[in-house]
Amino acid sequence: MINLTINGKEYSVEAPAGMPLLWVIREQCELTGTKFGCGIAQCGACTVHVDGKPIRSCITPATSVEGKKITTIEGIAPDENTLHIVQQAWIEEQTPQCGYCQSGQIMSAVALLNENPAPSDEEIEQAMSGNICRCGMYGRIKSAIKRASAALQASTSNPQLR
Amino acid sequence: MKKWTRRAFIGTGILASGALVIGVAIRPGNRSSKVAGLIAEEGETVMNIWLKISPDNTVTVIIPHAEMGQGVHTTLAMMLADELDADWSKVKFMEAPADKEYANYVVAKGFIAGNKTFPKFLEETIDGVFLTAVKTMNFQITGGSASVRFTGQQGMRIAGAAAKAMLLQAAADTWKVPIEELKAKKSTISHPASNQTATYAELAPAAAKVKAPKQPKLKTRDEFTLMGTSPARLDIPAKVSGQAKFGMDMIVPNMKYATIKAAPVFGAKVKSVDTSIPSDSEGVLKVLNLENAVAVIAQGYWQAKSMLDRLAIKFESTENDGKSQEDIFNGYRLAMDKALEEASLSEHYQSGDAHSALSGAETVVEAEYQLPFLAHATMEPMNCTAWVHDGKCEIWCGSQNPLGVMAAVAELLDISLDQVTVHNQLLGGGFGRRSETDVIRQAVAIAKEVDFPVKLIWSREEDTQHDLYREATISRMKAGLDQSGNPVAYSHQFLFKHHPPEAADLPYAVPNQLIQFTSPSSFVPWGNWRSVDHSVHGFLTESFIDELAFAAKKDPLAFRKSLTQDKPRFQKVLDLIQEKSDWDSPLPANWGRGIAIAQSFGSIVAEVAEVEVNVEGKVKVHRVVCVADPGFAIHPDGFTAQMESGIIYGLAAAMTGEITIENGAVAQSNFHDYQVTRMNEAPKIETHIINSGNPPGGAGEPSTPVIAPAVTNAIFNATGVRIRRLPISKTDLRVSIRQTT
Ligand code: FES
Ligand code: FES
């Protein structure tokens, strides 16, 4: 039995030793927003936050994150009716195409802006190059991050990013 | 997005709720009512596009295409809503179910006949022929950049216009006023003179009884209110919240998971595998020998994959076991030589006498090109959920071809089509890969061995090694120039010809041409890869024309202009890209600009790439300017996104994309050795659209064929090195770097 805290909710799941967090999240917890793309930390589709830091859940054993705070794409919005600033920027830039990579992209972007609310182009590229988008929406992802960054700067009253 | 069940739409004229449903007068065995007088008087024309109006005045558009990221749901809904003068804020969509009645007749007609119009008296016959062809082929494919071109133009708009005409007629009848005095706007009809208004919903029941017009009048471009604007895409909100459901995300009660390993060498059979379940394996339910593959069913993907990796599977040997990529290319060269020697090549196109024009030419330019196999590498690995029970089968997958899926399943299980239900989901990338049914057939073969639903998930490794590939090929090109550098002869021998048939055409005015091909055998499976044959010929034609420009000592852009004077659309595109790309401005040392242009799927696209080759020989593409003439961009922002997408997809292939065969099997396995473009390698892309007034062209594919030659032509401009073998990473460019002082 493994006990996990995902998006503030407790889950007790049966999982064999070594089972990556990705499959626990998707199959046992039925949170399918986190995606499988490569299984070897090459594409970023499976990115989630563990204690606020982005990790590749496809190579992270579920047992290693017991007792830590796990956040998935389903858990970044402040509440049911409000989107996260980054999600909002994603809509405004009409960023997703097929959309499959976008949960991972958004999770990487949120983590970047938490660390560095005003990243330069190079810093964005560096932080985001682990996330593949086969639909090639890199330009829009970059613009959306800048838009989110500007929105953050513009309003200090915004709720703290998680 | 809600799905329709079969029962919900068949046989519906007016829904119980009073909704007006256009084109749904479809009942099995009652063909003339299916036609609903929309296109032809009687007989064989089917309208496969639908809309319904609900009592709350919501218009729902039913769309026979899969959403794989091209925004097709939004664009097609816009085309219908515009003709209908619907209130866009109250328009919804749903994807059509996989059913024969939704066979994508207009798509097939577009493919087979292009945008030709037929003499009136032939129309019915032709429509009948197409309808039959489409139904036999189970055609509901999203591909060939066809959605807007065919479904939208010939289906959606007509359906919208017809509904509006019926609503207007109903209002005129009810109010007893002349129809010409009525105004339709935002899902409301008004008669200003008598100060009466009614919503579409209010008029719908009466309108449903009006005979549909045979030739509904379509709007002219200046009357468009939605088409040509870029409303927010309807599919996007769910894609940023994690709620969007792809095939991979299906959860069916009591479902288990499976994964698979097919014989590494295509076509090999399993020789031996121990299908017993070891006592220390966790959650493993079954090990299946499927003859050409081994599958494991387990409680979860991870458990299945761990078991699969433990298995010592032996495969039978085949005649291809020892084959290498080198062998394949050598075989192609031999086949080409032999075909040339025996004069057994098939003709693609011929004009004048290329042979004698070549021998009389002042300068002869000759080159051999080589292109690699390419995998699709969709972001979402292949997967399919299948449940075989009680002589029926249910399928959950993201497919570009749901009707093809249905037919494949029915055939495999030997059950009737009625017993197969396909629940199509969002596609995490299609690019042609998801028009195939191999994965679906595997899932069914697995699921029929158990009595619960099974989700088959391919590992990325399986996805890379068991794709259906863009072919590897070689090509021989030769051209002659006269004294003033004008091309007088063009000869091109290529391998393999799939579609579209015109892909190898030369767009340039060269008087004597000979274009031929031959098709050697290949054991590597072939599949549609974004832009299909254009992905090959765009590179060949646009590289070679650049070689000719150089030999003629002419500017590559001016050279292309001088040879397309009979093509006004090309002229305009070239003029605009010259301006927008700052073509004539100087660049730093070891930087270069390259241009390429091609027409594909009804759109003309030119791209100028600006590249830098650094001292380590590394190529950086800084900027790509793209000018496209798609006739008319229905949703300009969506079109622009498609251009960006096609450019990055083609760029990944051009820079590093290469599948090679070693010991008869694919050597690459995942994104570390089949590398794709990442954000730090992505150029800045600037897209400019020309609305030339021609019929709308495709968006999803036409930007892909020209990016490789634009980049290699730019590398030539920067370094003087002509890249004739893709990917670019195969060429060591270090030696070429000019010393900067
Ligand atoms: S699935 Fe984890 S990085 Fe690709
Ligand atoms: S949006 Fe399709 S992979 Fe990124």
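**Cavities and local backbone in a predicted model**

Reader: Which helix gives the most to the lining of the largest cavity?

Author: H18 of chain B does, with three residues. Keep in mind that this is a predicted model.

Reader: And what is the volume of that cavity?

Author: About 120 Å³. The structure holds five cavities of 30 Å³ or more.

Reader: Which residues lie nearest the centre of the largest one?

Author: The lining has 15 residues, and B:Arg470, B:Ser535, B:Gly650, B:Ala653 and B:Ala708 are those nearest the centre. At least two lining residues come from each of H15 (534–551), H18 (636–656) and H19 (707–719) of chain B.

Reader: How does the lining split by class?

Author: It has 11 nonpolar residues, three polar and one charged.

Reader: What about the second largest cavity, what lines it?

Author: That cavity has a volume of about 80 Å³. Its lining includes B:Met382, B:Cys397, B:Arg433, B:Arg434, B:Glu436 and B:Asp438. Helix H13 of chain B, residues 438–447, supplies the largest share, three residues. By class there are four nonpolar, three polar and four charged residues in this lining.

Reader: Switching to strands. In E17 of chain B, which side chains are buried?

Author: B:Val420, B:Val422 and B:Asn424 are buried and point to one face, whereas B:Thr421 and B:His423 point to the other and are not buried. E17(B) covers residues 420–424.

Reader: In what sense do E16 and E17 of chain B pair?

Author: Parallel, over five bridges, with E16(B) running from 392 to 397. B:Glu394 stands opposite B:Thr421 of E17(B). Between the two strands the chain passes through helix H12 of chain B, residues 402–413, in a right-handed β-α-β crossover.

Reader: What about the hairpin of E6 and E7 in chain B, which residue there takes a positive phi?

Author: B:Asn195, with phi near 60 degrees; the hairpin has four residues between its strands. E6(B), residues 188–191, and E7(B), residues 196–199, run antiparallel and are joined by four bridges. B:Ser190 has B:Thr197 as its bridge partner in E7(B).

Reader: B:Glu291 has a positive phi as well; where is it found, and is it buried or exposed?

Author: Its phi is near 75 degrees. B:Glu291 is found in the loop between strands E10 (284–289) and E11 (293–298) of chain B. It counts as exposed because its relative accessible area is 53%, and the cut-off for exposed is over 50%.

Reader: And B:Ser531, buried or exposed?

Author: Buried, because its relative accessibility is 0%. Phi of B:Ser531 is near 80 degrees, again positive in a residue other than glycine, and the residue is found in the loop between E21 and H15 of chain B.

Reader: Where are the cis peptide bonds at B:Pro500 and B:Pro727?

Author: One joins B:His499 and B:Pro500, with omega about -5 degrees, and B:Pro500 lies in the loop between E20 (487–495) and E21 (512–518) of chain B. Another runs from B:Leu726 to B:Pro727, with omega near 0 degrees. B:Pro727 lies in the segment after H19 of chain B.

Reader: How many disulfides over all chains?

Author: Zero. As for two cysteines of chain A, A:Cys98 counts as buried because its relative accessibility is 3%, and A:Cys133 is buried with a relative accessible area of 4%.

How values were computed: Residues numbered from 1 in each chain as written. Chains lettered and ligands numbered in written order. Predicted model: local features only at pLDDT ≥ 70, side-chain atom pairs only at ≥ 80, totals over all residues. Heavy atoms only, no water. 1 Å grid on protein atoms, 1.4 Å probe; cavity = no way out; pocket = protein on both sides within 12 Å on 5 of 7 lines; lining within 4 Å. Points joined across faces, edges and corners; volume = space filled by probe spheres on them. Nonpolar A, V, L, I, M, F, W, Y, C, P; charged D, E, K, R; others polar. Buried < 20%, exposed > 50% of the residue type's maximum accessible area, 1.4 Å probe, protein only. Pairing = 2+ DSSP bridges. Right-handed = clockwise from strand over helix to strand, strands pointing away. Disulfide = S-S within 2.5 Å.
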